[in-house]
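Here is a short report on strands, sheets and nonpolar cores. Start with the pairing, then turn to the packing.

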Amino acid sequence: MSAGGVFTCATQTTGTLWCWGYGGDGATGQGNTTSPTSPSQVTGAVTTWNSITTGDDHACATRTDSTAWCWGYNSSGQLGDATTTRRTSPTQLSSTWTTLAAGYDASCGLRATGALWCWGSNDYGELGLDPQTRARQIGATSTWTTLGGGADHGCGITGGTLWCWGNDAYYDLGDNTTLTRASPT
């Protein structure tokens with residue numbers, strides 16, 4: 001289960017994916033901009049959804065075949081499909097993915113190779129790189145094992161060490177400072 005800005009999504013043990021709440025930006029994955037008031041199955045009636053992550057007004061999910069899909073608002077390229085076009089239904093990303101993490105208007109993912117990739121807005125360094133509408137690898141390390149996203153920051157574990165990047169206005173990065181970090185620290 002994952003709660004976005006004004007909507008929520010969850011997978012069932014049957015592998016189906018359901019969303020509800022504000023769908024004006026397509027974030028509920030219904031193929032339109034309606035706002036379901038109770039759980040409604042994401043377009044396509046797929047039964048192989050594995051995980052879900054939500055940002056402010058977009059969502060990304062993985063399937064059991066390691067494909068990744070994103071939908072919703074896309075003004076900053078947070079869907080990772082190399083456009084800024086809003087998507088009201090799941091749109092597949094390239095490559096294979098193990099984990100995704102959505103922030104306010106950015107997303108990151110771990111590829112099956114263990115490499116960390118991010119895309120979308122970079123107003124606070126939350127991508128660890130320049131703003132991108134398509135996924136781009138962060139550094140050369142391919143040993144990332146865990147990933148989490150906040151509103152304007154992200155964190156991950158590689159080699160048994162915790163790294164964070166992005167907005168640190170409220171000590172979000174855990175480094176005892178309030179310095180925004182544009183790369184994993």
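Two strands count as paired if DSSP finds at least two bridges between them. The model discussed here is predicted.

**The three-stranded sheet**

By that rule, β13, β14 and β15 form an open sheet, in the order β13-β14-β15 and with antiparallel pairing. Its edge strands are β13 and β15, and each of them pairs on one side only. β15 covers residues 161–166. Neighbouring strands of this sheet are turned by 20 degrees against each other on average, with direction ignored.

β13 spans residues 144–149, and β14 spans residues 153–158. A hairpin of three residues links β13 to β14. Within this pair, tryptophan 144 stands opposite threonine 158 in β14. On the other pairing, glycine 156 has tryptophan 163 in β15 as its bridge partner.

**The four-stranded sheet**

Another open sheet has four strands in the order β1-β2-β3-β4, again with antiparallel pairing. β1 (2–3) and β4 (40–41) are its edge strands, and each pairs on one side only. β2 takes in residues 7–11, while β3 takes in residues 17–21. Alanine 10 stands opposite tryptophan 18 in β3.

The bridge counts for three strand pairs are listed here.

| Strand pair | Sense | Bridges |
|---|---|---|
| β13 and β14 | antiparallel | five bridges |
| β14 and β15 | antiparallel | six bridges |
| β2 and β3 | antiparallel | five bridges |

**The nonpolar cores**

In soluble globular proteins, nonpolar side chains tend to be buried together. What does the largest nonpolar core contain? This core has 13 residues. Cys9, Leu17, Trp49, Ile52, Ala61 and Trp71 touch the most other members. Five elements give two or more residues to this core: β2, β3, β5 (49–54), β6 (58–63) and β7 (68–72).

A second, separate core has 11 residues. Cys108, Leu127, Trp144 and Leu147 are among them. Trp144 is also the residue that stands opposite threonine 158 in β14.

Which residues does isoleucine 52 touch, leaving aside those up to four places away in sequence? Its contacts are Met1, Ser2, Cys9, Ala10, Thr11, Leu17, Ala59, Cys60, Ala61 and Trp71. Among these, Cys9, Leu17, Ala61 and Trp71 also appear with Ile52 in the group that touches the most other core members. Another contact of isoleucine 52 is Ala10, and alanine 10 stands opposite tryptophan 18 in β3.

Terms used
Residues are numbered from 1 along each chain as its sequence is written. This is a predicted model: local features need pLDDT of at least 70, side-chain atom pairs count only at pLDDT 80 or more; totals for chains, interfaces and linings use all residues. Side-chain values use heavy atoms; hydrogens and water are left out. Axes are lines fitted to C-alpha atoms, for helices over the stretch in contact, and angles run from 0 to 180 degrees between N-to-C directions. A nonpolar core is a set of buried Ala, Val, Leu, Ile, Met, Phe, Trp, Tyr and Cys residues joined through side-chain atoms within 4.5 Å. Buried means under 20% relative accessible area, exposed over 50%, partly exposed in between (1.4 Å probe, protein chains only). Contact means heavy atoms within 4.5 Å.
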